Amino acid sequence: MNPTTARWLFVVAIILASAGPARMATAHPWHRHGSRATAPEASDRRDDAPASAVNPPPVVPRFRLTATGKPDRAATDIAAAFAPFSKRGAITTRSDDRSFYVESSGVPEHPLMVGIKAWQQQVPLPQKYVGDNAWRIPLEPVPAATPASTRNRFLRGAIALAVNGVPIFNPLNNRGEDAFLIGELDEYGGHCGRADDYHYHIAPVHLEKQVGKGMPIAYALDGYPIYGYDEPDGSPVKGLDAFGGHEDAAGNYHYHATKTYPYLNGGFHGEVTERDGQVDPQPRAEPLRAALPPLRGAKIVGFTAPSPTSRLLTYEVGGRQGTVAYALGQDGSVTFTYTDPSGRTTTETAKPRGGRGGPGGGGRPPRREVGPPPRPTDRSPPEPIGGRDKPAARPNAARNAGSGAATLAVRSPAIGADRMLPSEYTCDGAGVSPPIEWEAGPEGTKSYALVLWHEAPDQTKSYWVIHGIPATITVLPKAARGVGVMGLNDKRRPEYDPPCSRGPGLKTYHVTVYALSATPQLPATAVDREALLAAVEGITLADGTLTFSYERGAKP
Ligand SMILES: [Zn+2]
Ligand SMILES: [Zn+2]
């Protein structure tokens with residue numbers, strides 16, 4: 001039996017075993033957050049009987065003095081955080097002078113996949129995050145001279161590692177969409193990438209049940225811990241910086257989970273190396289089969305283990321069910337049986353490439369294959385399966401598909417986690433234009449243009465058109481005036497026309513920003529959305545769309 005199969009079996013065993021009440025780890029008394037006066041002693045560790053009674057501690061406690069004279073407990077602290085999972089063999093940990101290493105399959109023990117409403121047809125396969133391909137966390141985080149935000153960067157690969165060995169990716173995709181809000185995630189905040197690699201996109205606060213309150217639930221890849229919604233001592237979290245972190249009373253930095261964006265570290269307080277849009281180095285996931293397109297309208301309703309080495313995923317689309325059944329072979333191959341909602345069944349056996357399936361096989365794989373392909377990231381825009389359906393109501397997406405334009409992250413500080421437009425920006429309120437921000441366009445961007453539109457059943461409505469926004473500007477404040485040149489809305493007026501639906505129900509609106517390589521050739525007057533879109537075609541280097549909703553009379 002190869003190690004992958006062994007690990008898979010073990011994970012299954014754990015799933016079965018954990019059907020009963022799980023033994024909860026208690027908060028470790030020696031990890032006292034924010035009180036240097038009660039700094040732990042080495043002997044405290046022995047009070048933590050469960051940690052050493054089952055297995056020897058994964059690492060030998062060490063003390064070093066940092067420049068600030070603080071005892072550095074990183075290795076033991078990190079080991080303790082991962083201990084509930086390493087003790088029962090779900091993950092393996094080790095450390096050297098500089099790093100803490102975590103080996104895992106990336107497949108968690110909890111139920112998964114159920115609840116995903118935007119599904120890319122990927123399923124969880126155990127990955128070989130082992131040996132040279134293990135996760136790596138710096139033992140001594142170094143505050144970065146210029147801390148890097150993850151708003152527009154690090155859109156590929158992991159930005160953190162959960163204490164159960166599951167990677168955590170950026171909550172935003174390369175179009176600035178929030179994976180949680182657009183329904184891509186299961187009930188535990190995860191889904192699978194293009195290599196069938198499971199990962200979270202939000203902080204796995206559910207792990208607090210295993211690790212106990214007061215322990216980190218994850219580590220950012222810069223080495224700083226990520227705690228849950230509360231301080232380790234149970235008190236409310238106060239004074240988080242833009243990255244969702246802060247220093248405790250002892251001057252130690254950590255991040256917190258948040259219920260809205262950024263959900264976890266929204267950047268790196270500590271030094272990390274960025275290469276090809278991701279933190280480097282980091283393990284690679286190994287794709288066994290070609291990535292599939294998103295399955296429009298599908299929702300995952302079941303994920304079970306018919307046998308220790310097989311899985312059955314059930315989805316619903318258009319009121320009918322389809323399944324993906326798959327079984328792990330001894331040689332690392334996986335045999336898939338797809339049954340689509342019409343009852344048609346196809347099978348496919350996927351084998352690991354390059355004979356790395358066996359024990360001890362192979363050296364370090366090429367780094368460029370780390371994670372998903374460069375673009376799109378692990379998520380691609382919704383597409384009809386097999387290209388049979390007509391793209392519905394996504395004119396801009398359809399336009400983009402042929403243009404080869406890159407994507408631009410667009411967001412608004414006024415649009416909250418519920419993706420609702422506050423009434424202030426509609427005819428029910430002051431009717432001023434919302435603040436809009438976007439990431440800087442690719443090199444060669446000469447200007448930006450922006451449109452706010454709504455796809456009605458019979459037509460596209462246009463509310464706001466701006467062009468000639470200087471390349472130096474990536475932020476429009478609320479009620480923006482004098483930035484760029486205002487085009488005409490559907491009322492033929494050069495201004496923001498606040499949404500003011502006459503029909504009932506929730507209406508969805510889109511703001512699309514275009515990064516342009518040249519000045520668009522526009523008519524001297526009457527530049528409306530149509531004219532602008534015609535003019536930006538061929539000179540669009542990148543574009544991105546922010547989508548939000550408003551329902552009149554729903555709420556003040
Ligand atoms: Zn993902
Ligand atoms: Zn805190």
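This report describes selected features of a predicted model, from its nonpolar core to its strands, loops and unusual backbone geometry.

## The nonpolar core

The largest nonpolar core of the model holds 115 residues, and those with the most contacts inside it are Ala160, Leu161, Ile168, Ile217, Ala218, Ile226 and Leu264. Helix α4, which spans residues 74-86, gives the most to this core, with 8 residues. The core also draws at least three residues from each of domain 1 (299-381) and domain 2 (395-551). As general background, nonpolar side chains tend to be buried together in soluble globular proteins.

The surroundings of Ile226 can be listed in detail. Leaving aside neighbours within four places in sequence, Ile226 is in contact with Ala160, Ala203, Pro216, Ile217, Ala218, Tyr219, Ala220, Tyr255, His256, Ala257, Leu264 and Asn265. Among these contacts, Ala160, Ile217, Ala218 and Leu264 are also named with Ile226 as residues with the most contacts inside the core.

## Helix α7 and what covers it

Helix α7 runs over residues 529-536, and its buried residues are Arg529, Leu532, Leu533, Ala535 and Val536. Seen down the axis of α7, these buried residues fall within an arc of 165°, so they line one face of the helix.

What covers the buried residues of α7 includes four strands, namely β24 (447-455), β25 (460-470), β28 (506-516) and β29 (540-551). The helix is followed by Gly538, a residue whose phi is positive, near 95°.

## Strand β29 and its partners

Strand β29, one of those that cover the buried residues of α7, has 9 of its 12 residues buried, so it is largely enclosed by the rest of the structure. Its pairing with β28 is antiparallel and is made through 11 bridges, and within β29 it is Leu546 that stands opposite Val511.

Strand β21 (residues 406-407) is joined to β29 as well, by 2 bridges, and these two strands run parallel. Here the bridge partner of Thr407 is Asp543 in β29.

## The sheet of β1, β2 and β3

An open sheet is formed by 3 strands in the order β1-β2-β3, with antiparallel pairing. Its edge strands are β1 (92-95) and β3 (135-138), each of which pairs on one side only, and the twist averages 20° from one strand to the next. Between β1 and β2 (residues 99-103) there are 4 bridges, and the two strands run antiparallel; for Thr93, the bridge partner in β2 is Val102. In a regular strand, as a general matter, the side chains alternate between the two faces of the sheet.

The loop between β2 and β3 contains Met113 and also Gln121. Met113 has a positive phi of about 75° although it is not a glycine, and Gln121 likewise is not a glycine but has a positive phi of about 70°. Their surroundings can be stated separately: Met113 is buried, with 26 other C-beta atoms within 10 Å, whereas Gln121, with 18 C-beta neighbours inside 10 Å, counts as partly exposed.

## Cis peptide bonds before proline

The peptide bond from Tyr261 to Pro262 is cis, with omega near 15°, and Pro262 lies in the loop between β12 (253-256) and β13 (267-270).

A cis peptide bond is also found from Asp280 to Pro281, where omega is near 0°. Pro281 belongs to the loop between β15 (278-280) and β16 (299-307).

## Ala471 in the loop after β25

Strand β25, which takes part in covering the buried residues of α7, leads into the loop between β25 and β26 (475-476), where Ala471 is placed. With 14 C-beta neighbours inside 10 Å, Ala471 counts as partly exposed, since a residue is called buried if 20 or more other C-beta atoms lie within that distance and exposed if 12 or fewer do.

Not counting residues up to four places away in sequence, Ala471 touches Thr445, Lys446 and Ser447. Ala471 and Ala440 are 31 residues apart in sequence, while their C-alpha atoms are 8.1 Å apart in space.

Definitions and conventions
Residues are numbered from 1 along each chain as its sequence is written. Chains are lettered from A and ligands numbered from 1 in the order in which they are written. This is a predicted model: local features need pLDDT of at least 70, side-chain atom pairs count only at pLDDT 80 or more; totals for chains, interfaces and linings use all residues. The arc is that of the directions from the helix axis to the C-beta atoms. Two residues are in contact if their C-beta atoms, placed from the backbone, lie within 7 Å. A nonpolar core is a set of buried Ala, Val, Leu, Ile, Met, Phe, Trp, Tyr and Cys residues joined through C-beta atoms within 7 Å. Domain bounds come from an automatic or database domain assignment. Two strands pair if DSSP finds at least two bridges between them. Axes are lines fitted to C-alpha atoms, for helices over the stretch in contact, and angles run from 0 to 180 degrees between N-to-C directions.
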